[in-house]
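Here are a few notes to help you find your way around this structure. Keep the 3D view open and follow along point by point.

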Amino acid sequence: MVEEIVASPPVLSATGITKVYGGRRSGRLHALDGVDVTLGRGEILGIVGESGSGKSTLGKVLVGAIQQDTGRVLCDGQELALKRDIQTRRRIQMIYQDPYSSLNPRMTIRSMLAELLRVHAIVTPTEIPTELSRLMGLVGLDDSALDAYPRQFSGGQRSGSLLHVP
């Protein structure tokens, strides 16, 4: 008996992405010119480049914050519209490159994460402590870090990758 192996589509893929800013009078800036990206399940994608190379523009296109001029963005093989449903917006999110401006310096990590869980109704209020502990474990931090302020973390602990697509 021959077993057929069916390949699953990439978690996230983009093909032929272009983005041009400006017009005839102000000049045109080609921020993205035919960019292709494929991210398989369990893979990590790092986007590295010089200032002005289009990293943030690509991230914004992938999360749906701006519309590309040409090309397609797919999640699990389905084309994504610019106006995304709440599940997709929760699933594909930008993680800002500057960790110092991403976190509120007056709030503990516990307060910030709990607020997000409450506002987006990700878990019930009684499940928040368990979810906070689970999230800390995912990023390799002990629960004691929940009561710390952002300034108490190293730059590496504050930053992350550009996109998070579980």
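1. A good place to begin is the sheet. Four strands form an open sheet in the order β2-β1-β3-β4, and their pairing is antiparallel. At the edges are β2 (27-39) and β4 (78-79), each of which pairs on one side only. Please bear in mind that this is a predicted model.

2. Next, look at how β1 and β2 are joined. Strand β1 covers residues 12-23 and pairs with β2 in the antiparallel sense over ten bridges. To trace one of these partners yourself, start from S13: its bridge partner in β2 is T38. As background, strands of a sheet pair through backbone hydrogen bonds, either parallel or antiparallel.

3. Now for the helix on this sheet. Helix α1 packs on the sheet and touches β1, β2 and β3 (70-75). The direction of α1 makes about 60° with that of β2.

4. Is α1 mostly covered or mostly open? The helix, residues 55-63, is mostly covered, with seven of its nine residues buried. Those buried residues are K55, T57, L58, G59, V61, L62 and V63. Right after α1 comes G64, which has a positive phi, near 90°.

5. Finally, a word on the aromatic rings. Searching the whole structure for aromatic pairs gives zero. There is, however, a ring with a charge over it: the charged end of R151 sits over the ring of Y149, at 4.7 Å from the ring's centre.

Terms used:
Residues are numbered from 1 along each chain as its sequence is written. This is a predicted model: local features need pLDDT of at least 70, side-chain atom pairs count only at pLDDT 80 or more; totals for chains, interfaces and linings use all residues. Side-chain values use heavy atoms; hydrogens and water are left out. Rings of Phe, Tyr and Trp (its six-membered ring) pair if their centres lie within 6.5 Å; planes under 30 degrees apart count as stacked, over 60 as edge-to-face and the rest as tilted. A charge sits over a ring if NZ of Lys or CZ of Arg is within 6 Å of the ring centre and within 35 degrees of the ring normal. Buried means under 20% relative accessible area, exposed over 50%, partly exposed in between (1.4 Å probe, protein chains only). Helices (H or I, at least four residues) and strands (E, at least two) are DSSP runs, numbered from the N terminus. Two strands pair if DSSP finds at least two bridges between them. Contact means heavy atoms within 4.5 Å. Axes are lines fitted to C-alpha atoms, for helices over the stretch in contact, and angles run from 0 to 180 degrees between N-to-C directions.
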